[in-house]
Structures are given as structure tokens and as C-alpha cells.
Amino acid sequence: MTATAALELVQLTKMYGHVTAVDAINLKIPAGSYCCLLGPSGCGKTSTLRMIAGHESATSGDIIVGPKNVTDLPPAGRNTAMMFQSYALFPHLSVIDNVAFALKMRGVAKAERHAEAKKLLELVDMQAYAARLPAQLSGGQQQRVALARALITSPQILLLDEPLSALDPFLRVRMRAELKKLQRELGITFIHVTHGQDEAMALANIVVLMNAGRIEQLGTPREIFNHPRTEFTAKFIGGHNVITVGDETFAVRSDRLTLKTPGAAVDGPSIAGTVSEVEYQGTYVLVAIAAEGGADISAQLTESEFDAGGYSVGERVIATWDPALASQLNKRSFATVETPDKAA
């Protein structure tokens, strides 16, 4: 198993002129974790990744890899490797020479570096394409080559900048399964930037949700999905309704809303509204509701539940839920906590 390392960020800040891209974040990621930095465009996740890699200088704060403070070290001295969004393969070099390039720059003899490159091509199932040029490969094949090239220096932490964004949806699902399998086999820390909630939920055991340069919420995928702390988290993660009752605001999962007809007995909190759309999604039916007070909410019903209710656009309904399954939201609760031991 390749050596791995924990990552710690201490009050890490990045300024671009007067604009704060990353605002004094604190984060601890245990060795061997698969961590996804998740958030919308402009939230600071890519700037954070690039500072960890050494491709952007930190304005202030510290980056610690294992026991070593690497804040002022060049990329080659950090025991990290970066896989870029564009893959950045050299078009004039063969697959095996692309993978072996970092060892060539270190002065490793051709036979030795090719032997190491061949091992990694076998790891990503690309050994049959060693002599091809990047232009002769599909997008998924290029990604595998880029992964092998990033791993050739035996990094303790692998940094991935939206590695699946250039792939079609079918291949994206397949490749994320391969990424997860590879991380498990290698045992090294992966830090993966994405704006896709599904991608983060499928891959990570630690999700760091970022907003406006700070950490909005941190936890396992299940913790963040089941217990959002802020309205931003509930809305960005999806699958939740943000409902205000009196002076309190709650997040209620769409699959935990129950619909009733007006006049039916209701046990628990409720909100009235009008069905605005019905979408059949195969495994469930999504009923969108324009609620009183202007809120848009939705209920995820099984086919049998939908058929029993016979809900149609324009119909009045009552949405109700179990208050024990709702999450009370704070206006803003930036996380400054350290990550617990690696989650299962």
C-alpha cells in the first residue's frame, strides 16, 4: 500500500486583490480519506485545492501534510500530485511516456521509468494503449492515463480538480466507481473538487461544503444530507424543502412529506398549497406544490401513494410531516470544526 498522509489547513486564506476567495478556513482530513470539496462556482473550492497543490500561494495561514508544514514549498516538495480538469496530457508523447514524464524530469533511466509507468497503466487497465497518442484515446481513457501520471511519483495525497466534468453522464457514473475502487486499493488520501452533489455523495466519506470562501458544513454524506444545518446546505444538497413555520425554519426531505386532501385529518405540522407540476421519475413521482406564503415545495411519492391520491395539477393539497424528521436551520453556521476519525 502506498504511504498516505493527513491534511490540515489552518486559517487558510486566499486574496485576489481586494477579493477574498478563501476566508480563513480550518480543516483536518484524516489520512486515507476520500474527501470532496463541494460547492457552487466561485465558492473557493478550486482555489483551496490549488493552494494545497502549491499552484497558488496562500495569502495567509498554513498547509500541513502529515507532520510537515508545506505552505511555502514548491509543488514537487509537498508529497501531493494534481490531476487537472483538462487532463493536460502532452499530445506529442505516447501514453507510456506521458505517465513516465515526471520520472524523466527526475533523471530516472528510461527502462526504469517505463517499468514503473507500465505498473500504473496496468493498475488503471490501460496497458494495451501504452504506445498510443492522447488524441487516439477516448475521454475516459485519457482520464485513466492522467490518473496514472499523477500517481507515478507515489504521492501521499492525490488532488483531483473536477476530474469527471468532461465526461458524458453514463461514463461519469462508471468512472466515479473506478475512482472509488482505486482510492480504496491505494489507501491514499484523495481530495476531489466537484460542484456535483451526486458525485460527492457517491464518492466521499467526508464532504466539505463550501460557500462564499468558507466552510458551510462538514461531515459524512449521510450526515449532511440527513441533517443540514443551514438553508444553503439544504437547498444546495437537494432533495429537501425549506419550510418556515412561525419564527422557525426547517428542512424536510421531499420523501418525508405526506400529502393529504383538504379536510383530511392531519397529525403534525402542515402547510397548504396547490399542485403545480407532476413528474414521473421511474422509481418515484415528484409532486411540486406552490405553498401558501409563496414557498415552492415538493413531495416524493411512491407510485402506489401517487395513484391512491390521484393528485393532479391545480388540485389543493395539505403537506404534512413528522417534526422528529425535520432539521431546524440556522441562518448561517460556518463550520470551523475538525473532521472526526475517518468515516466508514
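**Briefing: helix packing, a six-stranded sheet and a ring pair**

Phe232 and Phe236 sit 4 residues apart in helix α8 (residues 231-237), so about one helical turn separates them. Keep in mind that this is a predicted model. Besides that ring pair, here's a quick tour of an open sheet of 6 strands and of helix α2 (residues 95-105), which packs with helix α3 (residues 110-123).

**Aromatic rings**

- You'll find 4 aromatic pairs in the structure.
- One of them is Phe232 with Phe236, a stacked pair with 5.7 Å centre to centre and 10° between the planes.

**The sheet**

- Reading across the open sheet, the 6 strands run in the order β6-β7-β8-β3-β9-β10, and the pairing is mixed.
- The edges are β6 (80-83) and β10 (214-219), each of which pairs on one side only.
- From one strand to the next, the twist averages 20°.
- Inside the order, strand β3 (residues 34-38) pairs with strand β8 (residues 189-194) in the parallel sense, over 5 bridges.
- If you want a spot to look at there, Cys35 stands opposite Ile191 in β8.
- Helix α1 (residues 45-53) packs on this sheet and touches β3, β6, β7 (157-161), β8 and β9 (206-211).
- The direction of α1 makes about 145° with that of β7.

**Helix α2 against α3**

- These two helices pack at an angle of about 125°, and their axes are 9 Å apart.
- That angle makes α2 oblique to α3.
- The crossing of α2 and α3 is right-handed.
- On the α2 side, the contact uses Val95, Ile96, Asp97, Val99, Ala100, Leu103 and Lys104.
- Facing them from α3 are Arg113, His114, Glu116, Ala117 and Leu121.
- Sorted by class, the residues of this α2–α3 contact come out as 7 nonpolar, 1 polar and 4 charged.

**Helix α2 against α4**

- The axes of α2 and helix α4 (residues 139-151) come within 7 Å and cross at roughly 30°.
- Angles under 35 degrees count as roughly parallel, so α2 is roughly parallel to α4.
- Here too α2 makes a right-handed crossing, this time passing α4.
- Val95, Asn98 and Val99 of α2 meet Val145, Ala148 and Arg149 of α4.
- The α2–α4 contact has 4 nonpolar, 1 polar and 1 charged residues.
- Val95 and Val99 turn up in the contact with α3 and again in the contact with α4.

Terms used. Residues numbered from 1 in each chain as written. Predicted model: local features only at pLDDT ≥ 70, side-chain atom pairs only at ≥ 80, totals over all residues. Heavy atoms only, no water. Axes fitted to C-alpha atoms, helices over the stretch in contact; angles between N-to-C directions. Parallel < 35°, antiparallel > 145°, perpendicular 65-115°, else oblique. Left-handed = near helix turned anticlockwise from the far one by under 90°. Contact = heavy atoms within 4.5 Å. Nonpolar A, V, L, I, M, F, W, Y, C, P; charged D, E, K, R; others polar. Pairing = 2+ DSSP bridges. Phe/Tyr/Trp six-rings, centres within 6.5 Å; stacked < 30°, edge-to-face > 60°.
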